[in-house]
Amino acid sequence: DIMNFAHGALVTFGAFVAASVFAALRAWGRAEELWLNLAMVGVALVAASIVAGAIGWFCERVIIRPVYRAHLKQILVTIGALIVAEQIVPVLWGAVPVSVPRPEMLKGAFLIGDIAIEKYRVLCIAVGLVIYVGMYLALSRTRIGLVIRAGVTNREMVRARAAHAESEKLKREQREVLVAEAEKLVLAGLKSIKEKDWSINL
């Protein structure tokens with residue numbers, strides 16, 4: 001088990017990276033074509049996922065891996081990483097609120113009787129459902145999913161099996177374990193887009 005108190009930092013970095021993408025592609029957001037609005041959101045999702053995944057991979061390899069099985073040390077080093085991350089964000093993006101306007105076609109709401117449902121929240125729900133279905137299929141229908149489920153039950157057995165595998169098979173299984181860890185980190189980046197409002201305050 002890993003006690004990672006710096007997980008929120010991945011969401012924060014993902015949110016600010018997405019805000020930077022929105023600022024860079026502001027023209028796409030102002031366009032009245034829905035596909036351009038969705039393309040901007042898609043680019044932001046990909047960028048946030050990549051950055052959050054890369055930072056999470058670095059933290060796991062450099063900060064967390066040396067203190068596996070030492071829960072107290074995990075708490076200390078991950079809280080330290082969180083403090084460092086909190087100081088990096090103002091350095092990169094400044095200490096003033098970052099306002100991110102919604103894409104033009106995602107403004108407003110759908111009216112169902114007396115109920116108003118914001119358009120961008122419908123998009124968030126749709127993205128969440130796609131991610132859920134994708135993760136369910138990956139966990140239940142693929143070899144990587146088998147490795148993940150086995151690792152939840154008995155991580156050491158998975159490592160022992162990989163350690164005694166043949167050379168090529170070992171490399172493949174190590175890649176599968178790495179992909180399994182990366183999926184969790186990428187989800188942190190996706191979460192930063194799905195759950196954050198369109199304005200960010202430091």
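Which residues are buried in H5? I will start with that question, and please keep in mind throughout that what we are looking at is a predicted model. In H5, the buried residues are Tyr120, Cys124 and Ala138. The helix itself runs over residues 119–141, and its 23 residues should span 33 Å at 1.5 Å a residue, which agrees with the 33 Å between its end C-alpha atoms.

Let me step back to the whole chain before going further into single helices. The protein chain has 8 helices and 4 strands, and if you read along the sequence you meet them in the pattern α-α-α-α-β-β-β-α-α-α-α-β. There are 202 residues in the protein chain, of which 30% count as buried. If you take the contacts with a separation of 6 or more, then 70% of them are between residues 24 or more positions apart.

Now to H1, which covers residues 7–24. H1 has 18 residues, and the distance from its first C-alpha to its last is 26 Å, close to the 26 Å that is expected at 1.5 Å a residue. The list of buried residues in H1 includes Ala9, Leu10, Val11, Phe13 and Gly14, and it continues through others such as Phe16, Val17 and Phe22.

The partner I would like to set beside H1 is H4, which takes in residues 71–93. H4 has 23 residues and reaches 33 Å from first C-alpha to last, close to the expected 33 Å. Its buried residues are Gln74, Thr78, Ala81, Ala85 and Val89, and these pack against H1 and also against helix H3, residues 34–64. Just after H4 comes Gly94, which takes a positive phi of about 85 degrees.

How do we describe the way in which two such helices sit together? In general, two packed helices are described by the angle between their axes and the distance between the axes. For H1 and H4, the angle is about 10 degrees and the axes are 10 Å apart. Because angles under 35 degrees count as roughly parallel, H1 is roughly parallel to H4. On the H1 side, the residues that meet H4 are Ala9, Thr12, Phe13, Phe16, Val17 and Ser20, while on the H4 side they are Leu82, Ala85, Ile88, Val89, Leu92 and Trp93. Sorted by type, the residues of this contact of H1 with H4 are 10 nonpolar and 2 polar, with no charged ones.

Two single residues are worth pointing to on the screen. Gln74, in helix H4, counts as buried because its relative accessibility is 1%, and its C-alpha is 8.5 Å from that of Ile63, although the two are 11 residues apart in sequence. Leu45 lies in helix H3 and, at 15% relative accessibility, counts as buried as well. Leu45 and Gly14 are 31 residues apart in sequence, yet 8.5 Å apart in space from C-alpha to C-alpha.

Finally, a word on the cysteines. Why does Cys59 count as buried? The cut-off for buried is under 20% relative accessible area, and Cys59 has 19%, so it is counted as buried. Cys124, which I named at the start, is buried too, with a relative accessible area of 16%. As for disulfides, which would need a pair of cysteine sulfur atoms within 2.5 Å, the count comes to 0.

Technical notes. Residues numbered from 1 in each chain as written. Predicted model: local features only at pLDDT ≥ 70, side-chain atom pairs only at ≥ 80, totals over all residues. Heavy atoms only, no water. Helix = DSSP H or I, 4+ residues; strand = E, 2+ residues; numbered from the N terminus. Buried < 20%, exposed > 50% of the residue type's maximum accessible area, 1.4 Å probe, protein only. Axes fitted to C-alpha atoms, helices over the stretch in contact; angles between N-to-C directions. Parallel < 35°, antiparallel > 145°, perpendicular 65-115°, else oblique. Contact = heavy atoms within 4.5 Å. Nonpolar A, V, L, I, M, F, W, Y, C, P; charged D, E, K, R; others polar. Expected span 1.5 Å × (residues − 1).
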